[in-house]
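Work through the exercises below with the structure open. Try each task before reading its solution.

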Amino acid sequence: MTWASAGLSTAIPDAVLLAVGLGLLSCIATAVLVWRRHPVVTVAAVALACAAATAGTVASLAPVRSQVAALEAEGGRHLELDVTVTGRIDGSADGGAWFDAAASRVRAGNATVVGSIPARVLVDPGGRAALARASMGSTVSLSGRAIPAGTGERAVLVIRAGEVISATEPTGVWAGFEGLRDGLVASTRGLPQPGAGLVPGLAVGDTSSLDPATEAAMNASSLSHLTAVSGANCAIVVGAAFALFALCGAPRGLRVGGAFVVLTAFVALVTPEPSVVRAAAMASVAMIAVALGRPAIGVAVLSLAVTVLLVVDPWLARSLGFALSAAATGALLMLARPLAGGLERWMPRALALVVAVPTSAQIVCGPLIVLIDPHVPLLGVAANLVADPAAAPATIAGALACIAPFPWLRDGLTALAWVPAAWIAAVAHTTSSVAAQNLPWPDGPAGAVLLALVGAAVHLAIVRPRRLPRLTGVASAAMAVVVGLVLGSTAVRTVAGPLTVPSAWQVAMCDVGQGDATMWRSGDATALVDTGPDPAALTRCLTQFGIDRIDLLVLTHFDLDHVGGSPAVIGRAALVVHGPVDGYADRRLLDRFAAAGAQLQQATTGTAGALGGTRWQALGPPPRAEPGNDASVAVDVAGAGFPRTVLLGDLGEESQAALRRRVDVPRVQIVKVSHHGSADQDADLYRDLHPAVGLIGVGADNGYGHPTASLLSMLETLGTAIGRTDHDGALAAWLDADGRLTLWREHAGEPRAPESPSPAPRETARAGAGAGGSVRWIRGGWAHADG
């Protein structure tokens with residue numbers, strides 16, 4: 001109930017009424033409890049009191065929010081702020097930085113608000129250098145404008161800082177901790193990568209020197225919890241301290257107390273930001289349960305810890321990381337031991353316990369992870385089994401190196417930490433390189449529920465409780481079916497999938513519904529232009545065409561029907577070229593790509609590059625274009641033996657006409673029709689392009705009337721063969737050895753409605769002068785030779 005109250009109170013504009021209402025209900029329940037004691041009433045009174053406290057925490061910020069709102073900051077008004085850094089300063093995708101802060105003064109014109117105002121600050125690349133020596137506890141003066149905060153945002157103000165006026169260095173204890181962390185990073189610089197960059201991440205959560213490829217591999221192989229300061233890191237530190245005190249003969253109470261002192265120092269060393277405090281709390285719960293040897297008490301302590309954290313910081317209720325920490329800790333307490341008991345039938349007891357820990361975590365956390373990444377890491381448990389034994393020595397040696405008083409001792413401990421860190425990096429790279437590693441899974445709540453049911457079946461099939469023989473039998477049968485489906489799906493993805501499409505394809509359009517996702521290929525290199533609206537649909541398409549890695553990803557603009565499928569390719573894209581960015585959500589998406597190892601480049605007219613044997617060039621947008629459809633990145637692709645292709649994004653008629661005036665429009669063989677075939681088109685541009693084939697990404701029964709009759713008629717007049725995903729499914733085109741352009745359709749088109757006529761598919765369509773000769777259709781894999 002506390003979690004639900006926290007989620008609701010942070011999602012609504014004003015939590016005061018909710019807090020008052022829950023407080024009154026809590027008083028009523030307490031009065032009933034005094035009158036008549038009953039366990040149910042006791043539970044209700046406590047739950048309502050905790051829920052009211054959580055809502056009250058959110059409501060306590062209402063006066064500050066009102067004062068900030070009075071500044072009209074959301075309208076982009078110029079603000080001047082004095083803030084104190086309260087978390088780690090992390091680099092952003094565009095070369096700037098993000099950090100959490102508490103603003104002590106906010107001034108807009110003649111109006112000033114003072115206090116302690118939770119803020120989140122984005123510093124532009126030009127101001128990044130001014131933060132070079134800033135860290136936790138630093139005071140920063142800056143100016144900028146407010147970015148609209150997202151729903152449930154902890155920060156009252158989200159600021160984009162255009163100028164950093166001044167930034168102090170940390171002082172006191174924070175300066176000392178910053179020096180220790182910097183010393184550890186410096187000590188790793190002479191060691192080989194990728195292990196060198198992983199040592200600070202394992203020891204203190206500092207990934208500043210971790211190369212992007214290794215970070216992406218850690219994420220893909222379910223080992224990312226080792227590089228961020230998670231419950232695993234905290235548990236290793238606490239466990240090592242507990243063991244050391246036990247070795248010294250200390251009594252149980254002193255062992256527990258000493259371990260918690262060490263954990264507190266570790267949290268301060270890492271930086272006590274919310275995620276680190278959360279991880280430490282979860283690790284503490286697990287260690288208390290292990291120390292007492294009573295999981296039931298551990299569950300009670302876990303519930304208390306979660307409740308206290310939610311009352312103090314209700315915004316944790318909307319944090320997936322917090323949910324994962326709580327779920328993993330609960331799995332360790334409740335599922336690991338029964339799973340180990342079941343696994344003992346097939347393996348030694350010690351090995352069974354080692355396997356049970358990551359398996360229980362995978363069962364519980366998997367349904368939460370698919371909400372953001374619709375894949376199941378089939379080798380995740382195996383990767384953890386192989387890598388986790390190296391995590392403890394790497395973490396302990398790295399942490400000791402961080403606090404070592406002598407440089408020679410620090411360097412020696414860092415070298416020792418490098419050995420297991422290099423092993424972990426090798427495991428991550430090996431696992432992520434396996435084509436069958438990531439099993440596509442339905443996304444959203446339905447996918448989470450389905451994976452939870454599969455996890456429950458796995459648990460029952462292994463544990464085999466005697467009191468539920470029928471349910472165990474059903475679970476075992478379900479497991480057999482799931483294993484068969486997984487093996488079959490893996491075979492289709494890795495072997496049979498690419499056999500369903502022509503192997504010679506050079507340009508392809510995915511069937512992703514009402515959205516765009518177009519690819520071109522040259523040699524072993526592949527480019528993807530836009531991702532469509534749905535990660536699952538894009539994943540199906542990439543599987544169908546046998547694409548594992550994207551060498552170039554072009555995000556023409558940031559509408560959902562063009563970037564909504566991005567989670568399917570985060571971690572798989574090497575270079576992301578994008579249009580103008582508008583707001584917080586767009587930048588966060590780019591940050592996610594950058595964090596997964598992608599390089600970022602904003603495109604303007606003339607931006608160019610090579611992909612295999614092709615050369616691509618951006619025909620727009622012009623510099624300083626306002627974000628939106630008319631600032632879509634239009635791309636021209638050409639190469640020897642490659643069909644000249646232009647992709648128009650969502651450009652409207654006026655922006656298409658402007659493009660025609662701005663650049664020399666080439667004759668092409670393929671055009672990606674703009675804006676799903678809307679009527680907002682410049683006929684002169686298409687006449688200049690004179691395409692042999694027009695590809696239209698459009699969803700069936702889309703409600704917009706796309707593609708429109710006027711667009712279809714215009715293409716028919718030009719003699720352009722039309723491929724549309726709503727009727728034809730996936731599309732592919734290529735030039736054969738004779739220079740003949742072939743268009744493949746996944747299935748035959750359906751009859752069109754009378755009010756939007758379409759020409760019948762022709763077996764031969766002349767491309768017009770200079771456009772590349774004739775076109776032949778291939779339907780469902782069967783070729784119709786042209787005349």
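**Exercise 1. A hairpin-side pairing**

Task: How do strands E17 and E18 run, and how many bridges join them?

Solution. Start with the ranges. The model is predicted. Strand E17 covers residues 634–639, and strand E18 covers residues 642–647. The two run antiparallel, joined by 4 bridges. Now pick one pair. Valine 637 has threonine 645 of E18 as its bridge partner.

Next, place both strands in their sheet. The strand order is E15-E16-E17-E18-E19-E20-E21, an open sheet of 7 strands with mixed pairing. Strand E15 (608–611) and strand E21 (721–724) are the edges, each pairing on one side only. On average, neighbouring strands of this sheet are turned by 20° against each other, direction ignored.

**Exercise 2. The largest nonpolar core**

Task: Which residues have the most contacts inside the largest nonpolar core, and which helix gives the most to this core?

Solution. Take the contacts to begin with. The core has 43 residues, and Leu198, Leu223 and Ile424 have the most contacts inside it. Then list the suppliers. Helices that each supply at least two residues include H5 (172–187), H6 (195–204), H8 (231–247) and H16 (407–432). Helix H15 gives the most, with 8 residues.

**Exercise 3. Cover on a helix**

Task: How many residues of H6 are buried?

Solution. Count along the helix. The buried residues of H6 are Gly195, Ala196, Gly197, Leu198, Val199, Pro200, Gly201, Leu202, Ala203 and Val204. That is 10 of its 10 residues. Leu198 appears in this list; Leu198 is also one of the residues with the most contacts in the largest nonpolar core. Now step past the end of the helix. Just after H6, glycine 205 takes a positive phi of about 75°.

**Exercise 4. Two faces of a strand**

Task: Which residues of E23 point one way, and which the other way?

Solution. Split the strand by direction. Leu741, Leu743 and Arg745 point one way. Thr742 and Trp744 point the other way. Then check the cover. Strand E23 (residues 741–745) has 5 of its 5 residues buried.

Now find the partner strand. Strand E22 (residues 731–735) pairs with E23 in the antiparallel sense over 5 bridges. Tryptophan 734 has threonine 742 in E23 as its bridge partner. Finish at the connection. The hairpin has 5 residues between the strands, and glycine 739 takes a positive phi near 80° there.

**Exercise 5. A salt bridge between strands**

Task: Which parts does the pair of glutamate 80 and arginine 107 tie together?

Solution. Begin with the contact. The structure holds 12 salt bridges. In one of them, the closest N and O atoms of glutamate 80 and arginine 107 are 2.2 Å apart. Next, locate the partners. Glutamate 80 lies in strand E1 (residues 78–85) and arginine 107 in strand E3 (residues 97–108), so the bridge ties together parts 27 residues apart in sequence. Then classify them. Glutamate 80 is partly exposed at 24% relative accessibility. Arginine 107 is partly exposed at 30%.

**Exercise 6. A charged network**

Task: Which residues are joined into one network by salt bridges that share partners?

Solution. Take one bridge at a time. Arginine 660 and aspartate 682 meet at 2.9 Å, N to O. Arginine 660 sits in helix H22 (residues 653–662) and aspartate 682 in the loop between strand E19 (670–672) and helix H23 (683–689), so this pair ties together parts 22 residues apart in sequence. Is aspartate 682 buried or exposed? Its relative accessible area is 6%, so aspartate 682 is buried, since buried means under 20%. Arginine 660 is partly exposed, at 24%.

Now the second bridge. Arginine 687 and aspartate 684 have their closest N and O atoms 2.3 Å apart. Both lie in helix H23, 3 residues apart, about one turn of the helix. Arginine 687 is partly exposed at 44%, and aspartate 684 is partly exposed at 34%. Finally, join the pieces. Arg660, Asp682, Asp684 and Arg687 form one network through shared partners.

**Exercise 7. A surface patch**

Task: Which residues form a nonpolar patch with about 440 Å² of accessible area together?

Solution. Name the members. They are Leu25, Ile28, Val32 and Trp35. Then look at one. Leucine 25 is in helix H2 (residues 16–35). Leucine 25 is partly exposed, with a relative accessible area of 44%.

Key. Residues numbered from 1 in each chain as written. Predicted model: local features only at pLDDT ≥ 70, side-chain atom pairs only at ≥ 80, totals over all residues. Heavy atoms only, no water. Patch = residues over 30% accessible without salt bridge, like charges linked within 9 Å, V, L, I, M, F, W, Y side chains within 5 Å. Areas by Shrake-Rupley, 256 points an atom, 1.4 Å probe, with all protein chains shown as cover. Salt bridge = Lys/Arg side-chain N within 4 Å of Asp/Glu carboxyl O. Buried < 20%, exposed > 50% of the residue type's maximum accessible area, 1.4 Å probe, protein only. Pairing = 2+ DSSP bridges. Axes fitted to C-alpha atoms, helices over the stretch in contact; angles between N-to-C directions. Core = buried A, V, L, I, M, F, W, Y, C linked by side-chain atoms within 4.5 Å.
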